[in-house]
Amino acid sequence: MWRDESCPQRTYVPPEKIKELSVNHSLMRRVRSTIRMIFGIPDYELYLDYWYAAPPKDEAAPLSEKEFFRQAIDERYGNGNRTRCC
């Protein structure tokens, strides 16, 4: 059979190793989410998790990443119509 040397050969990965990699990925994702929360950066991955767990009735699809960050910035800083107190 023809074999292309540029393609890596498939190797067997035991299920225990896959589970370990999944746990490490989950841990890194939680650490990343926590750091974002500390610095006040909106977390799009967390938004998607919540959206797919209980989708709002008025939205047919989740917001795109660009729309999500635009909405987060507008909620945090307003749309420029604020007046200063001082």
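This text walks through a predicted model of one protein chain, from its overall make-up to a few groups of residues.

The chain contains three helices and zero strands. Read from the N terminus, the order of the elements is α-α-α. Of the 86 residues in the chain, 8% count as buried. The chain exposes about 8,300 Å², and carbon and sulfur atoms supply 59% of that area. Contacts can also be sorted by how far apart the partners sit in sequence. Among contacts in the chain with a separation of 6 or more, 23% are between residues 24 or more positions apart.

A good place to begin is the stretch that joins the first two helices. Helix α1 covers residues 15-39 and helix α2 covers residues 44-53, and Ile 41 lies in the loop between them. Asp 43 is found in that loop between α1 and α2 as well. How buried or exposed are these two residues? Ile 41 has a relative accessible area of 45%, so it is partly exposed. Asp 43 has a relative accessibility of 11%, and because buried means under 20%, Asp 43 counts as buried.

What does Asp 43 touch, leaving aside residues up to four places away in sequence? The partners are Ser 33, Arg 36 and Phe 68. With Arg 36 the side chain of Asp 43 forms a salt bridge, at 2.9 Å from N to O. Arg 36 itself is partly exposed, with a relative accessible area of 24%. The side chain of Asp 43 also reaches the backbone nitrogen of Glu 45, at 3.3 Å. Ser 33, another of the partners of Asp 43, belongs to helix α1. The relative accessible area of Ser 33 is 17%, which means that Ser 33 is buried. Not counting residues up to four places away in sequence, Ser 33 touches Asp 43 and Leu 46.

The next topic is charge pairing. How many salt bridges does a search of the whole structure find? The search finds four. The bridge between Asp 43 and Arg 36 has already been described. Another one pairs Arg 29 with Glu 45, where the closest N and O atoms are 3.3 Å apart. This pair links distant parts of the chain, since Arg 29 is in helix α1 and Glu 45 is in helix α2, 16 residues apart. Arg 29 is partly exposed at a relative accessible area of 29%, and Glu 45 counts as partly exposed at 29% relative accessibility.

Glu 45 also forms a salt bridge with Arg 32, with the closest N and O atoms 3.1 Å apart. Here too the pair links distant parts of the chain: Arg 32 is in helix α1, Glu 45 is in helix α2, and they are 13 residues apart. Arg 32 has a relative accessible area of 32% and is partly exposed. Salt bridges with shared partners join Arg 29, Arg 32, Glu 45 and Asp 49 into one network.

Phe 68, which Asp 43 touches, leads to the aromatic residues. The structure has five aromatic pairs. In one of them, Phe 68 and Phe 69 meet edge-to-face, with 5.3 Å from centre to centre and 75 degrees between the planes. The label follows from the angle, because planes over 60 degrees apart count as edge-to-face. The two rings differ in how much they are covered: Phe 68 counts as buried at 12% relative accessibility, whereas Phe 69 is partly exposed, with a relative accessible area of 27%. Together with Tyr 44 and Tyr 47, Phe 68 and Phe 69 make up one aromatic cluster.

Tyr 44 can also be placed relative to the third helix. Lys 66 is found in helix α3, which spans residues 65-77. Lys 66 and Tyr 44 are 22 residues apart in sequence, and their C-alpha atoms are 9.6 Å apart in space. Lys 66 has a relative accessible area of 72%; exposed means over 50%, so Lys 66 is exposed.

The last stop is the surface, and it brings back Ile 41 from the loop. Which residues form a nonpolar patch there? They are Leu 27, Val 31, Ile 35, Ile 38, Phe 39 and Ile 41, with about 600 Å² of accessible area together.

Terms used: Residues are numbered from 1 along each chain as its sequence is written. This is a predicted model: local features need pLDDT of at least 70, side-chain atom pairs count only at pLDDT 80 or more; totals for chains, interfaces and linings use all residues. Side-chain values use heavy atoms; hydrogens and water are left out. Patches are made of residues with over 30% relative accessible area and no salt bridge: like charges are joined within 9 Å, nonpolar side chains (Val, Leu, Ile, Met, Phe, Trp, Tyr) within 5 Å. Accessible areas come from the Shrake-Rupley method with a 1.4 Å probe; for residues, only the protein chains shown count as cover. Helices (H or I, at least four residues) and strands (E, at least two) are DSSP runs, numbered from the N terminus. Buried means under 20% relative accessible area, exposed over 50%, partly exposed in between (1.4 Å probe, protein chains only). Rings of Phe, Tyr and Trp (its six-membered ring) pair if their centres lie within 6.5 Å; planes under 30 degrees apart count as stacked, over 60 as edge-to-face and the rest as tilted. Contact means heavy atoms within 4.5 Å. A polar contact is a pair of N or O atoms within 3.5 Å; within protein, one must be able to donate a hydrogen and the other to accept it, and residues adjacent in sequence count only if both atoms are side-chain atoms.
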